[in-house]
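Here is a friendly walk through the ligand sites and pockets of this protein. Have the viewer open as you read.

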Amino acid sequence: MVFESKHPLVKHKLALLRDMNTEPKQFRELVNELAVLIGYEAAADLPTREVDVHTPMGTAVEAQLDAKIGLIPILRAGLGMVDPIWDLIPNAEVWHIGMWRDEETLEPVWYYNKLEGTPRIGTAFILDPMLATGGSALATIDVVKQWGVARIKFLALIAAPEGIAAVHAAHPDVAIYTAAIDSHLNDIGYIVPGLGDAGDRQFGTITSSS
Ligand code: PRP
Ligand code: URA
């Protein structure tokens with residue numbers, strides 16, 4: 001399943017996010033705001049349990065979340081999506097994964113995996129603004145499944161058709177939520193039109209190769 005938001009607020013913020021003149025401070029704010037809007041959609045089918053709430057006027061039959069969520073950002077760029085979604089789901093746990101993409105092979109290179117012990121979470125939200133070839137997503141989904149979490153959602157801001165196809169081919173059970181599905185990857189593996197390098201644009205580390 002792929003969910004691509006058509007919401008006017010998402011489209012408006014995405015336009016600002018993509019703009020090459022948007023500076024890192026505003027870029028981070030936009031990542032934050034878009035992550036809330038995508039996180040809200042990804043949470044739409046989480047299970048709830050009925051609770052009675054005593055108001056000053058009577059009893060309301062309400063619903064409480066009945067799911068333990070793990071937020072799994074892929075460092076670096078996924079970090080910017082953690083706090084806003086954590087604010088939405090404050091009892092979530094945060095488990096970190098670190099990898100970069102080799103510029104020549106486009107394969108992910110691991111440098112951090114904090115997934116350890118027996119998982120207490122029932123659902124993992126993997127967070128990464130960019131789903132390009134899908135290499136980083138596939139490597140992360142593999143380790144999350146090996147860790148013992150079967151229910152996985154992948155939250156992106158921009159996804160390429162190539163990355164979506166790769167995730168679906170290997171893991172048809174993983175739902176993808178994104179603010180936009182773009183045209184294609186260019187010959188150096190960047191999403192077109194995309195936004196450039198999401199990590200460098202958040203952290204102000206843009207170089208000639210970004
Ligand atoms: C970017 C992005 C994803 C990956 C996507 O990270 O944040 O993790 O590339 O590409 P893929 O789908 O082809 O694997 P990058 O490797 O630039 O590292 P960074 O987050 O540290 O900038
Ligand atoms: N990683 C990014 O940050 N941007 C892309 O377009 C592709 C991979």
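A word on classes before the tour: Ala, Val, Leu, Ile, Met, Phe, Trp, Tyr, Cys and Pro count as nonpolar, Asp, Glu, Lys and Arg as charged, and the others, Gly among them, as polar. With that scheme, the shell around ligand 1 holds 6 nonpolar, 5 polar and 4 charged residues. Please keep in mind that this is a predicted model. Both ligands have a place in the largest pocket: ligand 1 sits there, and ligand 2 sits there too.

**Ligand 1**

- The shell around ligand 1 has 15 residues, and those that come nearest are Arg76, Arg101, Asp128, Thr133 and Ser136.
- Thr133 also makes a side-chain contact: an N or O atom of its side chain is 2.6 Å from an oxygen atom of ligand 1.
- The backbone takes part as well, with an N or O atom of Gly134 lying 2.8 Å from an oxygen atom of ligand 1.
- Ala77 offers another backbone N or O atom, 3.0 Å from an oxygen atom of ligand 1.
- How much of ligand 1 does the protein bury? On its own ligand 1 exposes 500 Å², and 92% of that is buried by the protein.
- Strand S6 (97–101), strand S9 (130–131) and helix H4 (135–147) are the elements that each give two or more residues to the shell around ligand 1.

**Ligand 2**

- Around ligand 2 you will find Arg101, Met130, Ala132, Gly189, Tyr190, Ile191, Gly196, Asp197 and Ala198.
- By class, the shell of ligand 2 splits into 5 nonpolar, 2 polar and 2 charged residues.
- Arg101 is worth a click, as it belongs to the surroundings of ligand 2 and is also among the residues that come nearest to ligand 1.
- A nitrogen atom of ligand 2 lies 2.7 Å from a polar backbone atom of Gly196.
- Ile191 places a backbone N or O atom 2.8 Å from an oxygen atom of ligand 2.
- For Ala198, a backbone N or O atom is 2.9 Å from an oxygen atom of ligand 2.
- Ligand 2 has 240 Å² of accessible area when taken alone, and the protein covers 89% of it.

**The largest pocket**

- The volume of the largest pocket is about 730 Å³.
- Its lining has 34 residues, and Trp100, Arg101, Tyr190, Asp197 and Gly199 are the closest to its centre.
- Which elements give two or more residues to this lining? They are strand S4 (69–75), S6, S9, H4 and helix H6 (198–203).
- The lining of the largest pocket divides into 16 nonpolar, 10 polar and 8 charged residues.
- Tyr190 and Asp197 are among the residues closest to the centre of the largest pocket, and both also appear in the surroundings of ligand 2.

**The second largest pocket**

- The second largest pocket holds about 240 Å³ of space.
- It is lined by 14 residues, with Met20, Leu195, Gly196, Arg201 and Ile206 nearest its centre.
- Gly196 links two parts of this tour, as it lines the second largest pocket and has a polar backbone atom 2.7 Å from a nitrogen atom of ligand 2.
- In this lining, 5 residues are nonpolar, 5 polar and 4 charged.

**Backbone details to look at**

- Leu75 and Arg76 are joined by a cis peptide bond, with omega about 0 degrees.
- Arg76 lies in the loop between S4 and helix H3 (82–88), and is one of the residues that come nearest to ligand 1.
- A cis peptide bond also runs from Val192 to Pro193, with omega near 0 degrees.
- Pro193 belongs to the loop between strand S15 (191–192) and H6.
- Leu106 is a residue other than glycine with a positive phi, near 65 degrees.
- You can find Leu106 in the loop between S6 and strand S7 (108–113).

Technical notes: Residues numbered from 1 in each chain as written. Chains lettered and ligands numbered in written order. Predicted model: local features only at pLDDT ≥ 70, side-chain atom pairs only at ≥ 80, totals over all residues. Heavy atoms only, no water. Near = heavy atom within 4 Å. Polar contact = N/O pair within 3.5 Å; in protein donor to acceptor, adjacent residues only side chain to side chain. Areas by Shrake-Rupley, 256 points an atom, 1.4 Å probe, with all protein chains shown as cover. 1 Å grid on protein atoms, 1.4 Å probe; cavity = no way out; pocket = protein on both sides within 12 Å on 5 of 7 lines; lining within 4 Å. Sits in = over half its atoms within 2 Å of the grid points. Helix = DSSP H or I, 4+ residues; strand = E, 2+ residues; numbered from the N terminus. Points joined across faces, edges and corners; volume = space filled by probe spheres on them.
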